[in-house]
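Reader: I've just opened this one and I'm new to it. Could you walk me through it?

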Amino acid sequence: MTAGGPTDGAAAGAPAAAKRRVPVRTCVACRTTGGKRALLRVVRLPEGQGVALDPTGKRSGRGAYVCPTAACVALALKQKKLERSLKTPIPDALADALRAAGAETAAADA
Ligand SMILES: [Zn+2]
């Protein structure tokens with residue numbers, strides 16, 4: 001059938017909303033993009049409030065992601081990848097929280 005005029009006019013004339021970029025979540029340690037596996041989100045809070053782990057992924061602010069694995073968390077912390085990505089120091093408490101999250105996931109996986 002070569003009856004032109006496909007009815008995809010909606011796609012052709014799509015408003016900007018349809019082109020909204022899907023944010024790509026990339027682990028700062030292994031550079032894997034988060035697909036099915038939810039990455040841990042670390043967000044830099046506004047007004048010098050430091051950084052926080054963002055389990056819901058809903059906090060606003062500059063975020064960085066890391067796989068919920070002990071290996072990636074360790075690498076991200078050791079090489080200061082999170083700090084570089086967020087341009088702010090990662091406090092020990094947050095580092096501990098990340099390690100705990102990574103350890104939990106690893107344990108659950110095993
Ligand atoms: Zn990773």
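Author: Let's start with a term: a residue is buried if 20 or more other C-beta atoms lie within 10 Å of its own, exposed if 12 or fewer, and partly exposed in between, with C-beta atoms placed from the backbone. This is a predicted model, where local features need pLDDT of at least 70, side-chain atom pairs count only at pLDDT 80 or more, and totals for chains, interfaces and linings use all residues. Residues are numbered from 1 along each chain as its sequence is written.

Reader: What percentage of the 110 residues in the chain is buried?

Author: The count here covers the chain's 110 residues. By that burial cut-off, the buried share is 23%.

Reader: In what order do the elements run from the N terminus on?

Author: Helices (H or I, at least four residues) and strands (E, at least two) are DSSP runs, numbered from the N terminus. The chain has four helices and three strands. Read from the N terminus, they go α-β-β-β-α-α-α.

Reader: What is the order of the strands in the open sheet?

Author: Two strands pair if DSSP finds at least two bridges between them. S1 (residues 40-44) and S3 (residues 62-66) run antiparallel, joined by five bridges, while S1 and S2 (residues 51-53) pair in the antiparallel sense over three. That gives an open sheet with the order S2-S1-S3.

Reader: Which strands stand at the edges?

Author: Each edge strand has a single partner strand, so one side of it is left without a neighbour in the sheet. The strands at the edges are S2 and S3.

Reader: How many residues of strand S1 are buried?

Author: S1 is largely enclosed by the rest of the structure because most of its five residues pass the burial cut-off. The number buried is four.

Reader: Which residue in S3 is the bridge partner of Arg41?

Author: Take the S1–S3 pairing residue by residue: Leu40 has Val66 as its bridge partner in S3. For Arg41, the partner in S3 is Tyr65.

Reader: Which residue in the turn of the S1 and S2 hairpin has a positive phi?

Author: Arg44 has Val51 as its bridge partner in S2. The hairpin has six residues between its two strands, and the one in the turn with a positive phi, about 55 degrees, is Glu47.

Reader: Within what arc do the buried residues of H2 fall?

Author: In helix H2 (residues 70-78), the buried ones are Cys72, Val73, Ala76 and Leu77. They line one face of the helix, because, seen down the axis, the directions from it to their C-beta atoms fall within an arc of 125 degrees.

Reader: Which residues are exposed on the other side of H2?

Author: Look across from the buried face of H2. The exposed residues there are Ala71 and Lys78.
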